[in-house]
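This briefing walks through selected features of one chain, grouped by topic. Please keep the sequence and the structure in view while reading.

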Amino acid sequence: MPDKPHTQGRQTTLRKSDDRIVPLKREDQSRGSKPGNAGAGKAARPSRDSDDPSPTPSGGSSVLDRLDRITKRAESHPEEAFNNLFSLLNDELLWDAFRKLKRDKAPGVDGVTVDQYEEHLQENLQDLLARLHRGAYHPQPSLRCDIPKGNGKTRPLGIACVEDKIVQRAVVMILERIYEVDFYDLSYGFRPGRSCHQALSVLGQIISTRKVNWILDADIRGFFDNVCHERMVELLRHRIADPQMLALIGRFLKAGVMIDGRREDTDEGVPQGSVLSPLLANVYLHYVLDQWFEREVKPRLRGEAYMIRYADDFICAFELESDARRFQAVLPKRLARFSLEVAEEKTQLLRFGRFARRDCQRLGEGAPGTFAFLGFTHYCGQSRAKRFKLKRKTAKKKFQTKVRDLKNWLHLHLTTPLSEVWATLNAKLRGHYQYYGVNDNWPWLMKYRGMAKRLAFRWLNRRSQSKSKTWKEFYAYLDRFPLASPKKLTDLIATARSR
């Protein structure tokens, strides 16, 4: 059993050196008041679902106030490295991090669920805090789980333990205050207040209103599996000079993975599915791609150029073909410096934009090409006024994968009560409509609903040895218990205008 923290463990939450990051003003310290036990009792423990404020050390400001000051410091000193971040890992921040965890996630290698960890939450968090500050905390290996990608390959996911998720979430809450200031607007993946629809809307606005004639659709081969740990730490040092925080991140990178009960070392890459990985991936590509594109590439081009990135998926738009080809030639060299490579078979340069159809006809190239981004196939269409309009439809591979997943899910629930399956099926349909329900994609929404209806009919007739329903009876059942239908489309054009 790990040692329980002593009474001095509380003092690790505030240190005299904290003012190196954020100066503590005397009036802030004088206003602090010691929280009492009124209404709760000394035996009351924090609850994950509680709306009560996080515990704040006596005589000090809350950790959220200190995080806000870090944000202001990052904005006013864009080149400064922060050298005392580890002290922010206190009981208040760990408690806030725990409240952000989701209950319905699978446990890690220790088999402990969120509910089980919460049974002795206060004791567990105090013990975790003590081990963190005396250097005795070591992350456990993540549990490998392979998820089918739909193309015959699988995507490895790493499931961390609850305790590791808490620490990772706390680290993310600290580092986000620095890097959200640094990140460029072209980055949309796994960032607070940003979404796939926003990335799609901005890309559509760029193609429709800017000087765009060429699109480079590039793909990084196995990005999450090939991130160089040494390079990652080197890039983190630009803004983090705290050796304890860097060591903690290094422990997560080297924690290893459990595959079929066997532990394997992780010498490179970041595990997909962990809380910390998306932020680390964004930091890596911020320096490797975003900053390089904005500071070094664009000033050397003759025409306009734009980039939209969501995690490791990005699209580049160019005015001139010569600029696009120059960038396409230098991109593999840039990525190779950071142990990454371009997937040549998935990379294409195509004529695209307002004048693509005219230019293709003039040059005898046929119809303009298409490209896929965030699950949508983008193609050159026309509005009712016969003007250029960027249109989107569900990507064929994504559509086939969704149908196959729905078929497999129904097959696994042949003996599940009908009411439960029907409710979940409608929830799945509404989730599909919510994401893929965008301008010009209505036919593909109805196509997916039609496939779901046919699969549901076959599923009903396979629940018994004899055919249980005819199509007439099935439609009568649908009249009583209808399948969810799309209600409205998300207007990505209006979304871009409102930004």
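In this predicted model, Trp442, Met446 and Leu489 come together as a nonpolar patch on the surface, and their accessible area adds up to about 230 Å². A second surface patch, this one of positive charge, gathers Lys149, Lys153, Arg155, Lys346, Lys397 and Lys398. The points below take up these patches, then the chain as a whole, two loop residues with positive phi, and three buried helix residues.

**Surface patches**

- Trp442, one of the residues of the nonpolar patch, is found in helix 16, which covers residues 442-461.
- With a relative accessibility of 34%, Trp442 counts as partly exposed, because that class takes in values between the limit for buried, under 20%, and the limit for exposed, over 50%.
- Within the positive patch, which includes Arg155 alongside Lys149 and Lys153, Arg155 belongs to strand 2, the run of residues 154-159.
- Arg155 has a relative accessible area of 33% and is therefore partly exposed.

**The chain as a whole**

- The chain contains 18 helices and 11 strands, and of its 499 residues 47% are buried.
- Its accessible surface comes to about 26100 Å², and carbon and sulfur atoms account for 48% of that surface.
- When contacts between residues at least 6 apart in sequence are considered, 74% of them join residues that are at least 24 apart.

**Loop residues with positive phi**

- Phe190, although not a glycine, has a positive phi of about 55°, and this residue sits in the loop that runs between helix 6 (162-182) and helix 7 (196-209).
- The relative accessibility of Phe190 is 48%, so this residue counts as partly exposed.
- Asp440 is likewise not a glycine and has a positive phi, here of about 70°, and its place is in the loop between helix 15 (418-436) and helix 16.
- For Asp440 the relative accessible area is 25%, so that Asp440, too, is classed as partly exposed.

**Buried residues in helices and their contacts**

- Thr71 lies in helix 2, made up of residues 63-76, and counts as buried because its relative accessibility is 18%, where the limit for buried is under 20%.
- Leaving aside residues up to four places away in sequence, Thr71 touches Arg177 and Val181.
- Ala170, a residue of helix 6, has a relative accessible area of 0% and is therefore buried.
- Residues touched by Ala170, when those up to four places away in sequence are not counted, are Leu89, Leu93, Leu94 and Ala97.
- Between the C-alpha atoms of Ala170 and Asp96 the separation is 7.9 Å, while the two residues are 74 residues apart along the chain.
- Ala496 is part of helix 18, residues 492-498, and is buried, since its relative accessible area is 6%.
- Gln205 lies 291 residues from Ala496 along the chain, yet their C-alpha atoms are separated by 6.4 Å.
- Ala496 touches both Ser201 and Gln205, again without counting residues up to four places away in sequence.

Conventions: Residues numbered from 1 in each chain as written. Predicted model: local features only at pLDDT ≥ 70, side-chain atom pairs only at ≥ 80, totals over all residues. Heavy atoms only, no water. Patch = residues over 30% accessible without salt bridge, like charges linked within 9 Å, V, L, I, M, F, W, Y side chains within 5 Å. Areas by Shrake-Rupley, 256 points an atom, 1.4 Å probe, with all protein chains shown as cover. Salt bridge = Lys/Arg side-chain N within 4 Å of Asp/Glu carboxyl O. Lys, Arg positive; Asp, Glu negative; His and termini not counted. Charge placed at Lys NZ, Arg CZ, Asp CG, Glu CD. Helix = DSSP H or I, 4+ residues; strand = E, 2+ residues; numbered from the N terminus. Buried < 20%, exposed > 50% of the residue type's maximum accessible area, 1.4 Å probe, protein only. Contact = heavy atoms within 4.5 Å.
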